[in-house]
Every structure is written in structure tokens, then in C-alpha cells.
Amino acid sequence: MASEFSTFLMLLKRDLTLAYRHRGELANPLLFFVIVVSLFPLGISPESKVLQTMAPGIIWVAALLAAMLSLDNLFRSDFEDGSLEQIILTPHSLSLLVLAKVFAHWLVTGLPLLLLAPFLSILVFMPSEAMWTLILTLALGTPILSLVGAIGVALTVGLRRGGVLLSLLVLPLYIPVLIFAANAVNVAAKGLPVTGQLYFLGALLSLALTLSPLAISTALRISLS
Amino acid sequence: MWAFLQRFSSPRYFYSLSQPISRWLGGICLLLMLTGLYYGLFKAPPDYQQGDSYRIMFIHVPAAWMSMFVYMVMAISGAIGLIWRIKLADVIAASSAPLGASFTFLALVTGSLWGKPMWGAWWVWDARLTSELILLFLYFGVMALNSAIEDKRIAARASAILALVGVVNIPIIHYSVVWWNTLHQGSTITKLDAPSIHIDMLIPLLLMAFAFKFYYFSVVLMRARCEVLEREKNSTWVQELVASR
């Protein structure tokens, strides 16, 4: 029998391969991210002064929505073709296996947001001092979004119309991340230190990393019972 | 004690026992609420800054306390249902959610009414208000999940998970005052030194708090009774009960 860690890697590789074979779908959340960010100047004002103050919030809200929209296919296709049941039936710890799935999901949806965000921050005139803080908060924050969101997906995967319900379940849980992350970028734009907010995000990430795999695996077992 | 709890948690005994309990609790609630309101509205001295308008506190503060208390009851009974598969715990959790949501709503509405004369705005994006709003969203999420899943057993277990995840939010609500410390006044009762609220205001406030607790327990039992009947509609005792009416 394969060891826990090699199973983790195997599942990670499988999910990444699956994602690579459907490259077209991967671009959708990213395009959504870009479009939402570019809607704000159209809806509010093209003036750089106005946008500058809102930039961190705009980027973070758009990232949050993009992360949430991409969640739906985290377990969906595995649920439909029955491989999710097989994953649950393996003797390995389900928490570890779902962690592999969430990690793969973050690599293909969260990480690109991180790479794209600096370009978008130019579009909304974000001060360049805050750029690194923005990337850091996204690096710490988007894994939390994936982990917490996966709980919601696991709870609704058995439902036929889970989409709207999912956002109702997941978005309130995202709010602490949004508050700390956007606040950090705002503060960094003013040239002040942001270690406190980053520590908080780190604490939230380690909390999510340790506890949410348990919740996800329990929720999956309930959804498939 | 355990034997009593075990008997009480069987839906049938619960149904017959809960009616008198619910009535007694409701009576106590009425008594406490009337005295609390009398002392709060007529006897307590007006505030030296806020005048008489602070009196909405006697509704606002107990409602805010209850909004968190009910969430904890919901999460704990959800956990009990999840771990020991006790049906009654599922029922209590499911019937608590709408009550908790209404307490949260009441706290938000009274807070807004209080905020207008004091702060000059119906709503401010203060940490506590925001957390209370998030709490309302969490309640809505639990209620929506509960009604979206058709199998009541699975619905109960799924929403128990969601409620437990949301428990993370409760400490955030509590410590938000310390973290952000913006417009909302600091806590005046649970400070470790002597409370900074006047004793004549504290007594009616505590009376009202207990009245709200008794109201909740009384109403949650009523709701749970209906819920038990609905969930056990195929069992013989319910059918006998219906036939005897």
C-alpha cells in the first residue's frame, strides 16, 4: 500500500493533470477577475484619486468573488463520475486527501490571481509601495478562501442547485480575510507598517489549514451518505 | 440524571413533557419582562449624557447577547446531534436557527434606532455592527442549508458542520471591540474590575436578559414540539396522538 504522503502527491498530480487537460476552463475565473476589476472604474469614476483610495478593496473583493466562483468544480466532476466515493473508500486519511485536492485547486485558481493582481493594481492606480503587500496578502489569503470555500462545496456537492446557496454559505466566512487583507494593503499604501495584519492573516491561514480539512472530510461523508 | 436525560431525549417523552415546561418558562419570562420593563422604563435614572434614549438598551443589549447565546446553543446541540446521533439535538438546532436570526435582527434594528440620535447615523461600519451583521448572514446560511437538503437527518448534520465552522466567528465578534475599537462604546459590564454601569440600570438590564433567555427556551420548546411531530409523523405514537384528537 502506498504511504500517506505518496498518495497525497498522487492525488495532487492527478488533479493538476486534469486541470491541465481542461486549460480553457482555467482562464474563466481569471477573466472574471479582470472584468470585475475593470467594471469599477466604469461604475464609479475614472479619476485616479477616487480609484486610488478604493484600489485595495476593489482588487480584494474581485479576488474573493473569483475564488468563490471557481469553487464549484472543486468536487463537482469527481462527484458526478463517482471517483469521490472511491477517494472516500481508500484506507488513507480523507483529511489529507482533500487537502491535496484543495491544494491542487489553489495552484490552478489562486496562484494565477496572485500573478495577475499587480497588473490590475496598475489599472486602478494603486500606489506602488503597496504592491508587495498586496501580493503577500493574496498569497496568505487566497489559500484560506480555497480551504474555507471547500467546506461549503463539500456541504452542497450533493445538491442539484448548489450554486447560489454556496455563495450564501461561504461569503460570510470570507469576511474576516477581506477585512484584514484589504486593511493591510490600505495601510501599506499610506506607508505604514503592516506586520500586524499579516500576522493575523498568517494565523487565520494556519487555523484554516489545520481545521478545515477535518470539516471538509466530515462534510463530504455527510453529503455522500 | 442521565436516565432522565435519556428518557427526555426520546421524541415521545419530549413531546408530552415539554408542554408544561414550555408554559412555566413562558410564565417566568412574562413576569421577568414586566418587572424588567417597569424598572427599566420608569425607575432607572436617565443617563447623564444620553437622557432617556438610552432606555432602548434594555431591549438592545439582551437581544445582542441572545444572538450569540442562541448561536452557541445551536452549534453545541448540532455537535451533540453529529456525535451521538441524538434526534432531539438535531431538532433543537433546527428550531434555534430562526429564533437566533430574529434576535440578531432585533439587535441590529434597535441598535440602528439607538444609533440615529446618538451617533447621528442609522448605520455605521463599526466592527461590532459588522460582526453582528455577519452573524445574521451565518444564521441565514444555516437556515438555507437546512431547507435545501430534503433528507432531514442529512440536513441536520450538514448544518451542524456549518454552525460549528461559524463558531469561529463568535470570538471575532467578541474581540472585535478590542481589535478595532471604533465608534461602538466599550463593554461596561464584564470588565474585570467593578462594572462601570450604574446599579439601578444594571438590575433591569439583567432582569431583561433573563426574560429574553426564558423567552427563548419557552419558544424553542414550542418550535421543537412541532418539529418533532413533523419528523416523527410515520411513528405509531404520533398517529395515535392524531387519531385521539
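Which residues have the most contacts inside the largest nonpolar core? In this predicted model, they are A:Phe33, A:Phe75, A:Ile216, A:Leu220 and B:Met57. The core itself counts 136 residues. Helix α8 of chain A, which runs over residues 163-189, gives the most to this core, with 14 residues. As background, nonpolar side chains tend to be buried together in soluble globular proteins.

A:Phe75 makes a handy example of how such a residue is surrounded. Setting aside residues up to four places away in sequence, A:Phe75 touches A:Leu84, A:Val98 and A:Lys101. The list goes on with A:Ala150, A:Val153, A:Ala154 and A:Val157, and it ends with A:Ile216 and A:Leu220. Those last two turn up again among the core residues with the most contacts.

Next comes the place where the two chains meet. Here 20 residues from chain A and 21 residues from chain B take part in the contact. Together the chains bury about 1800 Å², and 90% of that area sits on carbon and sulfur atoms. As for salt bridges between chain B and chain A, the count is zero. Polar contacts tell a similar story: with both residues at pLDDT 80 or more, zero pairs are found across the interface. On the side of chain B that touches chain A, the elements giving two or more residues are α5 (127-148), α6 (152-166) and α7 (169-179) of chain B. Out of these, α5(B) gives the most, with eight residues. Sorted by type, the residues on this side of chain B come to 18 nonpolar, two polar and one charged.

Two further residues of chain B deserve a look. B:His60 belongs to helix α3 of chain B, residues 57-84. Its relative accessible area is 13%, so B:His60 counts as buried. A polar atom of the B:His60 side chain lies 3.1 Å from the backbone oxygen of B:Ala107. Beyond its neighbours within four places in sequence, B:His60 is in contact with B:Ala107, B:Thr110, B:Gly111 and B:Trp114.

B:Leu88 is found in helix α4 of chain B, residues 87-119. B:Leu88 is buried too, because its relative accessible area is 9% and the cut-off for buried is under 20%. Leaving out neighbours within four places in sequence, the residues in contact with B:Leu88 are B:Phe8, B:Ser9, B:Phe14 and B:Val228. B:Leu202, for its part, is 114 residues from B:Leu88 in sequence, and the C-alpha atoms of the pair are 36 Å apart in space.

Terms used. Residues are numbered from 1 along each chain as its sequence is written. Chains are lettered from A and ligands numbered from 1 in the order in which they are written. This is a predicted model: local features need pLDDT of at least 70, side-chain atom pairs count only at pLDDT 80 or more; totals for chains, interfaces and linings use all residues. Side-chain values use heavy atoms; hydrogens and water are left out. Contact means heavy atoms within 4.5 Å. Buried area is the accessible area (1.4 Å probe) that two parts lose on being put together, summed over both. A salt bridge is a side-chain nitrogen of Lys or Arg within 4 Å of a carboxyl oxygen of Asp or Glu. A polar contact is a pair of N or O atoms within 3.5 Å; within protein, one must be able to donate a hydrogen and the other to accept it, and residues adjacent in sequence count only if both atoms are side-chain atoms. Helices (H or I, at least four residues) and strands (E, at least two) are DSSP runs, numbered from the N terminus. Ala, Val, Leu, Ile, Met, Phe, Trp, Tyr, Cys and Pro count as nonpolar, Asp, Glu, Lys and Arg as charged, and the others, Gly among them, as polar. A nonpolar core is a set of buried Ala, Val, Leu, Ile, Met, Phe, Trp, Tyr and Cys residues joined through side-chain atoms within 4.5 Å. Buried means under 20% relative accessible area, exposed over 50%, partly exposed in between (1.4 Å probe, protein chains only).
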